[in-house]
Amino acid sequence: MPPKITGSALILIALVALSGCSSEPYRPGMDAQCRSGLSAAYDELSFAKSRGFGGTVDYAKAAALLSAAKIQQQFDEYDNCVEKVRAARRFIEESQEAH
């Protein structure tokens, strides 16, 4: 005879099952914005490196932010991806203005 499941055990099972459904809400276009932003930012970073920006602290910060944004994209965390891309692009832009 199978074991009897109590009400509290059933609630616990339901909560565990639902906890996997707590990703951020779908916002149309955020995936495309993340993808295109990453592409543009990597192009800008490559161009900046060719102009002598590579090896600086700002370059390292921008590269780290873009790597983190790529991970966010892989986990469908598009809002976080877009925010990291914006921050990285600000580092790249500010460093280019300084040169």
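**Entry 1: Tyr59 and its ring partner**

I started with Tyr59, which comes out buried, with a relative accessible area of 18%, because the cut-off for buried is under 20%. This is a predicted model, so I keep in mind that local features need pLDDT of at least 70. Next I looked for aromatic pairs and got 1 for the structure. The pair is Phe53 with Tyr59: ring centres 5.6 Å apart, planes at 80°, so I noted it as edge-to-face, the cut-off for that being over 60 degrees. Phe53 is buried as well, at 1% relative accessibility. Tyr59 also turns up on the H3 side of the contact between H2 and H3, which took me to the helices.

**Entry 2: H2 against H3**

I took H2 as residues 30-50 and H3 as residues 57-74. Their axes come within 11 Å and cross at roughly 155°. Over 145 degrees counts as roughly antiparallel, so that is what I wrote down for H2 and H3. The crossing of H2 past H3 is left-handed.

Then I listed who makes the contact. From H2 I have Cys34, Arg35, Leu38, Ala41, Tyr42, Leu45 and Lys49. From H3 I have Tyr59, Ala62, Ala63, Leu66, Ser67, Ala69, Lys70 and Gln73. Sorted by type, the residues of the H2 and H3 contact give 10 nonpolar, 2 polar and 3 charged.

**Entry 3: H2 against H4**

H4 covers residues 78-98, and its axis is 9 Å from that of H2, at an angle of about 25°. That angle is under 35 degrees, so H2 and H4 go down as roughly parallel. Here too I noted a left-handed crossing, for H2 and H4.

On the H2 side, I found Met30, Asp31, Gln33, Cys34, Gly37, Leu38, Ala40, Ala41, Glu44, Leu45 and Ala48. They meet Tyr78, Asp79, Cys81, Val82, Val85, Arg86, Arg89, Ile92 and Gln96 of H4. My tally for the contact of H2 with H4 reads 12 nonpolar, 3 polar and 5 charged.

**Entry 4: Ala41**

Ala41 was on my list for H3 and again on my list for H4, so I looked it up by itself. Ala41 sits in helix H2 and is buried, at 0% relative accessibility. What does Ala41 touch, not counting residues up to four places away in sequence? I got Leu66, Val85, Arg89 and Ile92. Leu66 is one of the H3 residues in the contact with H2, while Val85, Arg89 and Ile92 are among the H4 residues that meet H2. I also checked Ala41 against Arg90: they are 49 residues apart in sequence, and 9.8 Å apart from C-alpha to C-alpha.

**Entry 5: Asp79**

Asp79 belongs to helix H4 and is one of the residues there that meet H2. Is Asp79 buried or partly exposed? At 21% relative accessibility I have to call Asp79 partly exposed, since buried means under 20%. I paired Asp79 with Cys34, 45 residues away along the chain, and found their C-alpha atoms separated by 7.9 Å. Cys34 is on the H2 side of the contact with H4 and also of the contact with H3.

**Entry 6: Gln72**

Last lookup: Gln72, in helix H3. Gln72 counts as buried, at 18% relative accessibility. Which residues is Gln72 in contact with, leaving aside neighbours within four places in sequence? My list for Gln72 reads Glu77, Asn80, Cys81 and Lys84. Cys81 I had already noted among the H4 residues that meet H2.

Technical notes
Residues are numbered from 1 along each chain as its sequence is written. This is a predicted model: local features need pLDDT of at least 70, side-chain atom pairs count only at pLDDT 80 or more; totals for chains, interfaces and linings use all residues. Side-chain values use heavy atoms; hydrogens and water are left out. Axes are lines fitted to C-alpha atoms, for helices over the stretch in contact, and angles run from 0 to 180 degrees between N-to-C directions. Helices (H or I, at least four residues) and strands (E, at least two) are DSSP runs, numbered from the N terminus. Angles under 35 degrees count as roughly parallel, over 145 as roughly antiparallel, 65 to 115 as roughly perpendicular and the rest as oblique. A crossing is left-handed if the near helix is turned anticlockwise from the far one by less than a right angle, and right-handed if clockwise. Contact means heavy atoms within 4.5 Å. Ala, Val, Leu, Ile, Met, Phe, Trp, Tyr, Cys and Pro count as nonpolar, Asp, Glu, Lys and Arg as charged, and the others, Gly among them, as polar. Rings of Phe, Tyr and Trp (its six-membered ring) pair if their centres lie within 6.5 Å; planes under 30 degrees apart count as stacked, over 60 as edge-to-face and the rest as tilted. Buried means under 20% relative accessible area, exposed over 50%, partly exposed in between (1.4 Å probe, protein chains only).
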